[in-house]
Amino acid sequence: MAERMGFFTDTSICIGCKACEVACKEWNDVPDDGFVFRATSYDNTGSLGADTWRHVAFVERPSEEGGDGLDGWLMSSDVCKHCTHAACLDVCPTGALFRTEFETVVVQADVCNGCGYCVPACPYGVIARRERDGRAFKCTMCYDRQLGGLEPACAKACPTDSIQFGPLDELRARADERVATLHEQGRTDARLYGASPDDGVGGDGAFFLLLDEPEVYGLPPDPVVTTRDLPQMWRWAAGAALSLTGVVALSFLGFSDRGRGR
């Protein structure tokens with residue numbers, strides 16, 4: 001097994017240029033997503049989806065003085081988190097989803113049957129199906145580029161190094177140093193999201209430095225692997241099935257005994 005690789009996205013230096021979105025689409029041949037002007041933000045892509053594997057969020061911070069003024073922007077390039085405990089892997093019935101030697105999670109489009117089980121299983125709402133054929137798609141962390149010793153296209157294209165790629169342990173150490181630096185500069189709102197192995201998904205392979213609460217960026221505050229209770233549910237189901245089988249068997253034996261008594 002190769003060393004676990006990942007993304008560290010430092011939102012404090014993201015300029016919202018969307019070069020990562022373009023590079024992702026070009027390298028992975030991801031279709032366009034409509035170029036919709038939503039009239040609510042300068043963000044035209046809206047969210048991650050089957051045709052948007054990198055999404056730069058433009059978060060407008062209203063002015064504390066009220067009115068229509070802005071106090072600034074928060075920008076963040078979102079992506080699949082490549083969870084340590086990935087629920088999408090647990091529920092896939094065909095093996096279309098698999099974990100690579102780099103500990104990333106990839107969808108094999110030619111194996112996907114379009115069942116959609118992975119879509120509600122994702123605690124981040126990342127994976128989605130294409131309307132044209134129903135198959136699921138998401139970020140692969142440019143698995144093909146990694147096999148060739150190259151960094152993913154989005155990280156390569158980022159002009160500010162907001163998206164950093166490398167061994168996950170090194171990225172976590174680098175992120176801790178960055179947070180400490182920002183705190184020294186008075187940015188006490190800086191915090192890491194998805195970096196802890198002790199969170200509800202065992203830590204993310206793609207984690208973030210945020211400058212506000214996760215909810216402000218559209219991220220769940222306490223993500224939990226959605227299949228964590230499956231083993232217990234199966235045990236309860238098996239117990240219920242055995243109990244029902246026993247009741248049916250006893251009922252049948254009782255009916256047979258009454259029949260012989262006649």
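## Y193 and its partner Y124

In this predicted model, Y193 is buried, with a relative accessibility of 6%. The residue belongs to strand β9 (residues 191–193). The structure holds six aromatic pairs, and one of them joins Y193 to Y124. The ring centres of Y124 and Y193 are 6.5 Å apart and the planes meet at 80°, so the arrangement is edge-to-face.

Y124 is located in the loop between α3 (118–121) and β6 (128–129), so its pairing with Y193 ties together parts that are 69 residues apart in sequence. Y124 is likewise buried, at 12% relative accessibility, because the limit for burial is under 20% relative accessible area.

## The pair F98 and Y143

F98 and Y143 also form an edge-to-face pair, with 6.1 Å from centre to centre and 70° between the planes. This contact links distant parts of the chain: F98 is in strand β4 (residues 97–99), Y143 is in helix α4 (residues 143–147), and the two are 45 residues apart.

The two rings fall into separate accessibility classes: F98 is partly exposed at 26% relative accessibility, whereas Y143 is buried, with a relative accessible area of 18%. Ring pairs further connect F98, F102 and Y143 into a cluster.

## Arginine over aromatic faces

Two phenylalanine rings have an arginine over the face. R54 lies over F7, at 4.6 Å from the ring centre. R130 is placed over the face of F137, and here the distance to the ring centre is 3.6 Å.

Technical notes. Residues are numbered from 1 along each chain as its sequence is written. This is a predicted model: local features need pLDDT of at least 70, side-chain atom pairs count only at pLDDT 80 or more; totals for chains, interfaces and linings use all residues. Side-chain values use heavy atoms; hydrogens and water are left out. Rings of Phe, Tyr and Trp (its six-membered ring) pair if their centres lie within 6.5 Å; planes under 30 degrees apart count as stacked, over 60 as edge-to-face and the rest as tilted. Helices (H or I, at least four residues) and strands (E, at least two) are DSSP runs, numbered from the N terminus. Buried means under 20% relative accessible area, exposed over 50%, partly exposed in between (1.4 Å probe, protein chains only). A charge sits over a ring if NZ of Lys or CZ of Arg is within 6 Å of the ring centre and within 35 degrees of the ring normal.
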